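Q: Please show me how to read the helices, contacts and cores of a model like this one.

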Amino acid sequence: MIEIKQVTKNFAGNAAVKDLDLTVPDGKIFGFLGPNGAGKSTTIKMMTGILPLDEGSISMNGVDISKEPIKAKHQFGYVPDRSDIFLRLKGMEYLNFIGDVFRVPENVRKEKIEYLTKSFDIYEALNDQIHTYSHGMRQKIVVSGVLLHDPDVWILDEPLTGLDPKSSYTLKEMMREHAAKGKTVFFSTHVLEVVEQLCDEVAIINKGHVQFRGSMKEMKQQFQEDNNLEKLFLELTQNE
Amino acid sequence: MSNTWKLMKLMVKMQLSFAHRSTAEKSGYLILAVVMIPFGLLILTLLNEMIAVMYEAFSPTGDEAVILGILFVLMTVFYCFITIGTVLSSFYFAEDVESFVTLPFHPYQIAAGKAAVPFLSLYGINAVILLPALGFYGLHSGAGILYYCWSFFIWLLLPVLPFVLTAIAIMFIMRFVNISKNKDRSKVVAGLLGFVFVIGINVVIRLESGNQDMYQLAVEQGNLLELVTKFFPTAYISSSALTAPASLQGILYLILMIGISAGGIALFFTIGQKLYFKGVLGLSGGKRNTFTADTVEGYVKKKPLIYSLCKKEVLLILRTPTFFTQIFVQSLILPVLAIVLITMEMDGPIGGAGAQLADMNGKTVILASAALSVVIFGSNPASISSISRDGKSWFNHLYLPVPPSKVIMSKMLTAYLLNAISLILLSAAALWMINIPLPIWGAWFILSLLISWIASAAGVMVDLYSPKLDWTDEREVFKGRFIGIVPLAIEALVFGVILVIVLNIKSLQGLWPVSGALFIIFLLLALLTQRALKKITERRYHKLL
């Protein structure tokens, strides 16, 4: 479970996120939506410990990211939207590094690296440096790294961008399986069709405030039944 | 032509602009500039002294043009050496090469744009050494206004030909190196080129200077300048233009120099048009080795976290050409050069240095060798780039569950390890080639280990305080940051004060008591530095983005 309480973040005096409250329950796929510059990335960066919080608290499975950062970071796996990971490492070296960081036992590592990289079709590229990978392949190696240590909470920033249809399908299936096991999947996206297909719950953020939070059903009920998600999204995020 | 100009301006602005730098960084530069004034004055005084001595020696025989000849030859060698690295990085290894290739520019225009910053950077060293040197020569020779006017033109023109010829040679080589298939290998070879160049030049100069008969013959025939500038025609032409600036001959030489430089630029454009893209295209392909094993068994190894972090750092340095050249190769230049020199001078004064040290005062020897270690290990390129090397991937450290202290320690250990390689090489040469007495060697080695530890920690601290993470080309990590000088200046001051105090404590005499005292002081200093590093890590680690 992810709990975000009264979180505020300012940049040069301007609030990028203001008094944000959000609870992401276990067993759900949670979609985080918002237009460009709405505060999505800032929120995710604060959740993952990349940016410090100005006010409020964020906890992962009850562990506060500001107070116990190392313990909290062991609770989640993060797939960033940028593929600037450790590019000079080979795919295999990267996964071994992640294995060492998260203390994944050797036998589990062997089994999972093989399974995951074969599922994502990057097995043959494991001996290459990551900077020679395409964007999609980089995305796949990072996703493999996250799944390698199998954390309870998955935080995925635009995870499907750049993935081919097969890998996209595989990842979506994995997200469903993870949520079905009673664990948490939190992801941000711009692709509204994916939200409709995949999400149990959504939150829409605009100008640093949550505009809506609830299930897909609730969202449609709250607005006009016949509206599609695109229209709802535009309505919620339009400027006054 | 306007597109070429626009492209050049854009690239210069992107790399050298101060606009995106913070106020703290800008004030840092200002403070540094003020701190550098004494160093600058020291260099100027030394230059002036050297020129004065040489002028007195050469002017009676009318050979004073040789001073300019030597100056221009040395500068030409410098230009070529610097250009190899900067052009390779800018033309072929920079991350932004491909984004320019897709724009509707001619190859020569992109080559010209890419050449702008490497070329302008030559004027940094030009302004520090050549400009004042020409001024001092003018003062000593009592030159008139024309000399200073021509000097300015020569100052502007001298880097042109070495730069374009080196760039053309590199474009020619890269045309035939199949960079997309051998990218990593070609980058490593390129990194080593500069290294071999420095050693080679040194060996050649040593071999040439041993040729006394030739020197004598040249003096007798009055063509000493020709001898000195034998392989450097522009140095000969420039010296001749400045020796008699008011004469027709002097003016003709200046016009010739302008003509040669213009011709060089035209040649660069022509060859750039033909060759540049041939070397660049396919650059991002990278080498692919298909992983053919049926299972990952044997590739998966569980290691302690600190080992994994250090391995990541070492691989990053060895596999990134700029880091490989600037960090690994540079830390090896000094020891290897020293070993080459010692090998060539085994029968000379250096070979017998070990025996002489044994007869000297132990206190003086250990203080002097400790001071030498501060100079050699004081500026550690691996430590001053430890955070900046990560660039835009720095954020990865922030979401992984690794304590900041461990990440920083891995970076410091990597810097220390690379320093240790040069220390081991140097100490092996000192022990087996110069036969430095074992006690002196042992004391120096242990003190150097501590000095190197302090230097590595100081370097990491400085980079942690003001890292450069937003780079598009790895060279920006080192270029124009003056960051290497900061820890060196602090260490020079701290160690300088310690060594002077120890030197003046009359009751402290002999190799072992002095070494013991230094060991305790350096150990305390190392502990203090480590504590300071811990503090600055706590304060800065999460605030770098």
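A: Start just past a helix: H3(A) is followed by A:Arg103, whose phi is positive, near 55°. Helices (H or I, at least four residues) are DSSP runs, numbered from the N terminus. The model is predicted, so local features need pLDDT of at least 70 and side-chain atom pairs count only at pLDDT 80 or more, while totals for chains, interfaces and linings use all residues. Residues are numbered from 1 along each chain as its sequence is written, and chains are lettered from A and ligands numbered from 1 in the order in which they are written.

Q: Is H3(A) enclosed or not by the rest of the structure?
A: A residue is buried if 20 or more other C-beta atoms lie within 10 Å of its own, exposed if 12 or fewer, and partly exposed in between, with C-beta atoms placed from the backbone. Ten of the eleven residues of H3(A) are buried, so this helix is largely enclosed. Among them are A:Glu93, A:Tyr94 and A:Asp100.

Q: What covers the buried residues of H3(A)?
A: Contact is the test here: two residues are in contact if their C-beta atoms, placed from the backbone, lie within 7 Å. The cover includes H4 and H5 of chain A together with helix H13 (305-319) of chain B.

Q: How many residues does each chain bring to the contact between them?
A: Chain A brings 35 residues and chain B 32. On the side of chain A that touches chain B, H3(A) gives the most, with six residues. That side divides into 16 nonpolar, nine polar and ten charged residues. Ala, Val, Leu, Ile, Met, Phe, Trp, Tyr, Cys and Pro count as nonpolar, Asp, Glu, Lys and Arg as charged, and the others, Gly among them, as polar.

Q: Which residues have the most contacts inside the largest nonpolar core?
A: A nonpolar core is a set of buried Ala, Val, Leu, Ile, Met, Phe, Trp, Tyr and Cys residues joined through C-beta atoms within 7 Å. The largest has 76 residues, and A:Tyr94, A:Trp154, A:Ile155 and A:Phe186 have the most contacts inside it. H5(A) (residues 135-149) gives the most to this core, with seven residues.

Q: How are H14(B) and H19(B) oriented to each other?
A: Axes are lines fitted to C-alpha atoms, for helices over the stretch in contact, and angles run from 0 to 180 degrees between N-to-C directions. Angles under 35 degrees count as roughly parallel, over 145 as roughly antiparallel, 65 to 115 as roughly perpendicular and the rest as oblique. H14(B) (residues 321-344) and H19(B) (residues 404-433) pack at about 5°, with axes 9 Å apart. They are therefore roughly parallel. The residues of their contact divide into 14 nonpolar, three polar and no charged.

How values were computed:
Helix = DSSP H or I, 4+ residues; strand = E, 2+ residues; numbered from the N terminus.
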